[in-house]
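Please open the structure in your viewer and keep the selection panel at hand. The tour below goes from stop to stop, saying what to select next and what can be found there.

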2 protein chains.
Amino acid sequence: MLQNYQPFEPLIKRIRDDGKCLPGGILKVDSFINHQIDPMLLKQMADEFVRRFAGTHLDKVLTIEASGIAPAIMVGLELKVPVVFAKKKKPSTMSEMYVAEVFSFTKNKTYTVCCSKEFIRPDEKLLFIDDFLANGNAAKGMLELAEQAGAQIAGMGFIVEKAFQSGGAILREKGLQVESLAIIESLDNCTIKFKEN
Amino acid sequence: MLQNYQPFEPLIKRIRDDGKCLPGGILKVDSFINHQIDPMLLKQMADEFVRRFAGTHLDKVLTIEASGIAPAIMVGLELKVPVVFAKKKKPSTMSEMYVAEVFSFTKNKTYTVCCSKEFIRPDEKLLFIDDFLANGNAAKGMLELAEQAGAQIAGMGFIVEKAFQSGGAILREKGLQVESLAIIESLDNCTIKFKEN
């Protein structure tokens, strides 16, 4: 269950100023998060993630290419731990790897994510970082990769969570610490409605 | 012509320690650059790029998903400018964009890169950052996007350049300032031979 949600005000303000709501429940934040990126905002967000997970031992940050890389690398820099990004295509030079299937509602298709066995080791504690949490399918794929490796996802951090999709509820029911910096309750009528704390 | 090449020693050392040379001229650096990333090394490299381009006015950092994002974002943070990453697939929510074709020798196929017209503006000075420079086709695609926008690529920075492929020579002949932190002269017989300064 979602408790003690803290909206991260610099992000909320930026979404209000520069985010765009498109028909079909799409929130467009490509001027500062996932096409053009504001590194200074990203740094502030990384500091905030680090603060929220301060009580948790973390060996590595885990993410998925492509738009998870920027927030993940900034968190990894703050934590001083390696960052691993799962790939959506199997590199020709990768032999031993963990593989999971992820269904994307946005694109209405299933894709494969993979990670070399070298980079997720048994017993490692991982922090999964991504830009969006909607149905949580990418996150579930990461849980699967971690399980295959005998590692543990010790927490998950998302820039934006869409509370009208089921991902957040599903992940929190598993007992995971899920931290979202902005939670959107609704995008109906092309209006961004934020969850209040 | 390549003049005053300065090998960036922390990177050279790391490649010697952890890089792997595979048959077919492949340099595998996926334990610290393009699958697992060492954010502290990345930060050092970003500082070095910023030092090398210190005399150049730069409005934005430009890169291509996915493995260019991490170094680009770190450089953007140091420079305090936005980072734009060109996408390899046209997002469904993007309408007005610049498009270029890029031929990948590694994958032996042509792919499309695109960038929203919102994020490269006329007269902007861009710094292109990427992980590898081999044949320079991705870089040429970026020059094309910039040209379409009426913007200018004011410099290019690469983590690793393969001097036995033609990209570096082609780009420097155009008069561009091209900075590579490590230049590999040969990968013959699965041995990494670095260029000396």
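Begin in chain A by selecting A:Met97, whose bridge partner in E7(A) is A:Ser116. Bear in mind from the outset that what you are looking at is a predicted model. Widen the selection to strand E6 (residues 97-104) and strand E7 (residues 109-116) of chain A, and you have two strands that pair in the antiparallel sense over 8 bridges. E6(A) and E7(A) form a hairpin with 4 residues between them, and in the turn A:Asn108 has a positive phi of about 50°.

Next, colour the two chains separately and consider how they are related. Chain A can be laid on chain B with an RMSD of 0.0 Å, by a turn of 180° and a shift of 0.0 Å along the axis, which is the relation of a two-fold axis. To find the place in chain A where the C-alpha is nearest the axis, select A:Ala66, which lies 2.5 Å from it. The same surface serves both copies, for 100% of the contact residues of chain A recur in chain B.

Now select the contact between the chains, to which chain A brings 31 residues and chain B brings 31 residues. On the side of chain A that touches chain B, the elements that give two or more residues are strand E2 (26-28), strand E3 (36-37), helix H2 (39-52), helix H3 (69-79) and strand E5 (83-86) of chain A. H3(A) gives the most to this side, with 6 residues. If you colour this side of chain A by class, you will find 17 nonpolar, 6 polar and 8 charged residues.

Stay with H3(A) and ask how many of its 11 residues are buried. The helix is mostly covered, with 10 of the 11 buried, among them A:Ile69, A:Ala70, A:Met74 and A:Val75. Just after the helix comes A:Lys80, whose phi is positive, near 60°.

Add helix H2 (residues 39-52) of chain B to the view, and look at how the axes of H3(A) and H2(B) come within 8 Å and cross at roughly 100°. That crossing makes H3(A) roughly perpendicular to H2(B). Where the helices meet, select A:Ile73, A:Gly76 and A:Leu77 in H3(A) together with B:Pro39, B:Leu42 and B:Lys43 in H2(B). The residues of this contact divide into 4 nonpolar, 1 polar and 1 charged.

The next stop also crosses between the chains: select E3(A) and strand E5 (residues 83-86) of chain B, which run antiparallel and are joined by 2 bridges. One residue to pick out here is A:Ile37, whose bridge partner in E5(B) is B:Val83.

From this pair, extend the selection to the open sheet of 7 strands, whose order is E3(A)-E5(B)-E4(B)-E8(B)-E9(B)-E10(B)-E11(B) and whose pairing is mixed. E3 of chain A and strand E11 (193-194) of chain B stand at the edges, each with a single partner strand, so one side of each is left without a neighbour in the sheet.

End the tour at the edge in chain B, where strand E10 (residues 178-186) and E11(B) pair in the antiparallel sense over 2 bridges. Which residue stands opposite B:Ser186 in E11(B)? Select B:Lys193, and you have the residue that faces B:Ser186 across the pair.

Technical notes. Residues numbered from 1 in each chain as written. Chains lettered and ligands numbered in written order. Predicted model: local features only at pLDDT ≥ 70, side-chain atom pairs only at ≥ 80, totals over all residues. Contact = placed C-beta atoms within 7 Å. Nonpolar A, V, L, I, M, F, W, Y, C, P; charged D, E, K, R; others polar. Pairing = 2+ DSSP bridges. Least-squares fit on C-alpha atoms with pLDDT ≥ 70 in both. Axes fitted to C-alpha atoms, helices over the stretch in contact; angles between N-to-C directions. Parallel < 35°, antiparallel > 145°, perpendicular 65-115°, else oblique. Buried ≥ 20, exposed ≤ 12 C-beta atoms within 10 Å, placed from the backbone.
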